[in-house]
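Got your viewer open and your mouse ready? Let's take a walk through this protein, one selection at a time.

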Amino acid sequence: MKNYVIKGNICYSKTSNELCIVENGYAVCENGICAGVYKKLPECYETFPNYDYTDRIIIPGLVDLHVHAPQYSFRGLGMDLELIEWLNTHTFVEEAKYSNIEYADRSYDIFTEDLFNSATTRACIFGTVHVQATHLLMKKIENSGIKAYIGKVNMDRNSPKSLCEKNVEQAFYDTEKWIMESQEFKSVKPILTPRFIPTCSDELMEKLSILQKRYDLPMQSHLSENLGEIQWVKELCPNTSFYGEAYNKYHMFGNECPTIMAHCIHSGEDEINLIKKQNVFVAHCPESNTNLSSGIAPIRTYLDHGIKVGLGSDIAAGSSLSIFKAMTMAIQCSKLRWRLVDKSLTALNISEVFYLATKGGGEFFGKVGSFEKGYEFDAVVIDDISIKCPQTLSVRERLERLIYLAEDKNIIAKFVNGRNLFEKVK
């Protein structure tokens, strides 16, 4: 059913500073697209089926711009390490297990089920280097109804042999084979995924650039996350003046190649200018940045520059799939940056992080992340009535409380592109 009305406390963003709330209003879905939000339902929609969620909170589905599916199995471990040591000690050891398709099947079942039950309706997901396991992940996410970009990881240096491509030609063949096999999916699309420059040779990046142009694919990777990593890139790529150029010289840094770069914590002025100029999306992952002692990203600077920013859980450097948690940590980290680093960068607020989690990140998928007319109809319904309190709260206060309490467990319905994924008994 793609034509219907949902009734409740509708909350959505128009801009980063404009949080719209219509109390016990109506959001109309017509052929999977939002036909508007109304305080009083127009007569022309009165014949549409009505999901009545009176006094519940209804928000656009949340968007996770950066998550590593194979790492979900060891979330919450190794958080006393910094990035490179953490990768070598935990991440690469775990990802090597996905050569075993039975292990991948069990692990991805767990990841997919928990993502399905979260407030996330769209995600950009890293797999592993393994073609078969990545295809299996895509199939599971496709069957869940969640819309996603999923990438087979590419890496051929500075990594365990078990995770390195056999050679560049084989990597090119395997990646193209995976891209072709991915055409069977409708809700899940392939995205080129060089892990990051330290693990990708020039020859491999050249081959991926060929595939990008041949199949008109987007790309996701990591950028300027850790000071040691940035120095390493300078040594590996002496002919580039900053990290982003190591991607840009292969024409995989925005413009015709829609690009997500996770972190961007230590990007300098030249890198920031290139990010803006070429419409690169920044995936802000505040919990990950804290856990791995990477630093505090200057998100206020990016917003002031008009850079496209969304939020990421970054499992397993982040411990939770909850984008609500990413929202609260984005605020908290921005407060620390303001207090300890740069008092000219004011802290983020609830309206801004709600925008980043919905319309801001959703823009990577098109017209996604809002209940404005013409947007794809993604919605999450949350029953916060069970959260006991003695005072009477406004809808805005209730939404703020939901964000800070990360109340994914109170979700009672979820819609993606008009499709009702589930509805729990209210």
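Which strand is His284 found in? Select residues 281-284 and you have the answer: that is strand β13, and His284 is part of it. One thing to keep in mind as we go is that this is a predicted model.

**Stop 1: around His284**

Is His284 buried or exposed? Its relative accessible area is 2%, and anything under 20% counts as buried, so His284 is buried. Now show the contacts of His284, skipping residues up to four places away in sequence. You should find Asn289, Ala297, Ile299, Val309, Gly310, Leu311, Gly312 and Ala330.

**Stop 2: the open sheet**

Next, colour the strands β3, β2, β1, β4, β15, β16 and β17. In that order, these seven strands form an open sheet with mixed pairing. Look for the edges: β3 (33-38) and β17 (419-423) each pair on one side only. Going from one strand to the next, the twist averages 35 degrees.

Now go through some of the pairs:

- Select β2 (residues 18-30) together with β3: they run antiparallel and are joined by five bridges. Cys29 is a good spot to zoom in on, as it stands opposite Cys34 in β3.
- Move to β1 and β4, which pair in the parallel sense over five bridges. Here Val5 sits opposite Asn50 in β4.
- Then take β4 and β15, paired in the antiparallel sense over four bridges. Ile58 faces Val381 in β15.

**Stop 3: two helices that cross**

Which helix packs on this sheet, touching β1, β2, β4 and β15? Select residues 395-405: this is α13, and its direction makes about 60 degrees with that of β4.

Keep α13 on screen and add α11 (residues 323-340). The axes of these two helices come within 6 Å and cross at roughly 90 degrees. Angles of 65 to 115 degrees count as roughly perpendicular, so that is how α11 and α13 lie to each other. To see who meets whom, show Phe324, Met327, Thr328, Ile331, Gln332 and Lys335 on the α11 side, with Leu402, Ile403 and Tyr404 on the α13 side. The residues of this contact divide into six nonpolar, two polar and one charged.

**Stop 4: the nonpolar cores**

Met327 turns up again here. The largest nonpolar core has 107 residues, and Met327 is one of those touching the most other members, along with Ile59, Phe111, Ile125, Ile141 and Tyr247. Click on Tyr247 and look past its neighbours within four places in sequence: its contacts include Phe196, Met205, His222 and Met261. Apart from that core lies another one, of 20 residues, including Tyr4, Tyr51, Phe371 and Ala379.

**Stop 5: a phenylalanine in a loop**

Where does Phe74 lie? Look in the loop between β5 (62-68) and α1 (83-95). Phe74 has a relative accessible area of 5%, so Phe74 is buried. Leaving out residues up to four places away in sequence, Phe74 touches Trp86, His90, Thr91, Glu94 and Ala316. Try a distance label between the C-alpha atoms of Phe74 and Glu94: these residues are 20 apart along the chain, and the atoms are separated by 7.9 Å.

**Last stop: Ile110**

Finish at helix α2 (residues 101-116), where you'll find Ile110. With a relative accessible area of 47%, Ile110 is partly exposed. For one last label, join the C-alpha atoms of Ile110 and Tyr215: the two residues are 105 apart in sequence and 31 Å apart in space.

Methods. Residues numbered from 1 in each chain as written. Predicted model: local features only at pLDDT ≥ 70, side-chain atom pairs only at ≥ 80, totals over all residues. Heavy atoms only, no water. Pairing = 2+ DSSP bridges. Axes fitted to C-alpha atoms, helices over the stretch in contact; angles between N-to-C directions. Contact = heavy atoms within 4.5 Å. Buried < 20%, exposed > 50% of the residue type's maximum accessible area, 1.4 Å probe, protein only. Parallel < 35°, antiparallel > 145°, perpendicular 65-115°, else oblique. Nonpolar A, V, L, I, M, F, W, Y, C, P; charged D, E, K, R; others polar. Core = buried A, V, L, I, M, F, W, Y, C linked by side-chain atoms within 4.5 Å.
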